[in-house]
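Here's a quick walk through one model, with an eye on how its strands pair up and what packs inside. Have the structure open as you read.

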Amino acid sequence: AGDQTVPEATPQGINWQLYQTVAVPSSTADGPTVIDGDVARCYAHNPVGALLAISQLSTRYLLAPDWRAVVSQQVVPNAGRSVYDTERAQVSNSGANAGGTFNQLAGFKYVTYSPAVATIEMVSRSSTGAMQVVANTVEWLDGDWKLELQPDGGVGPNALPVSSLVGFSIWSGV
């Protein structure tokens, strides 16, 4: 599991790679340690592992061409997952997305953390520079962090606009 201290600044040793035109973070120490197609799994059971899981999973469940594999393996089985499955099945995404189409990660702030569940506010930035924040939650389930969806199938309550990253740690790969 490693260090259970919630980081007060951007964690060190983070690498960024593009996934479906969105920069997503990884760490050799905290995960994901296994990437199989669209599924990125095996995160450390610690605060940084939870942050990496939220950053990866909140992008992959939406944009993966094989979104069903991501959802079945990496989303908590609940009513929100059922709603998402039904709605997502009606949308096509071949994975050929143009750069600038999707928001990029920009910052984070831990709301709560325990070894069982973590909620982290994630700020994203659009290609126009507009930013929004959404609280995302992961649950430790079956030996890995799993994304918890809201009853409406979304990752968190409504996105709220933010004008700056004051109060957030910088979290960006582009």
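What follows covers the strand pairing around E7, then the nonpolar cores, then one buried serine.

Keep in mind that this is a predicted model. A good place to start is strand E7 (131-141), whose pairings are listed here.

| Pair | Sense | Bridges | A residue pair |
|---|---|---|---|
| E6 and E7 | antiparallel | nine bridges | Arg-125 and Met-131 |
| E7 and E8 | antiparallel | five bridges | Trp-140 and Trp-145 |
| E7 and E9 | antiparallel | three bridges | Gln-132 and Pro-161 |

Two of these pairs are hairpins. Between E6 and E7 there are five residues, and Gly-129 has a positive phi near 95 degrees. The E7 and E8 hairpin has two residues between its strands, with Asp-142 in the turn at a positive phi of about 55 degrees.

Now for the inside. The largest nonpolar core holds 37 residues, and Tyr-61, Met-122, Val-138, Leu-147 and Trp-171 have the most contacts within it. Elements giving it two or more residues include helix H2 (67-74) and strands E5, E6, E7 and E8, but the largest share, nine residues, is from H1. Tyr-61 reaches well along the sequence: its contacts include Trp-67, Val-70, Tyr-84, Arg-88, Leu-147 and Val-155. A separate core of seven residues has Ala-106, Met-131, Val-162 and Phe-168 among its members.

Finally, Ser-169 sits in strand E10 (169-170). Ser-169 counts as buried because its relative accessible area is 13%, under the 20% cut-off. Around Ser-169 are Glu-8, Ala-9, Thr-10, Ala-106, Gly-107 and Phe-108, all in contact with it.

Technical notes. Residues numbered from 1 in each chain as written. Predicted model: local features only at pLDDT ≥ 70, side-chain atom pairs only at ≥ 80, totals over all residues. Heavy atoms only, no water. Core = buried A, V, L, I, M, F, W, Y, C linked by side-chain atoms within 4.5 Å. Buried < 20%, exposed > 50% of the residue type's maximum accessible area, 1.4 Å probe, protein only. Helix = DSSP H or I, 4+ residues; strand = E, 2+ residues; numbered from the N terminus. Contact = heavy atoms within 4.5 Å. Pairing = 2+ DSSP bridges. Lists of a residue's contacts leave out its neighbours within four places in sequence.
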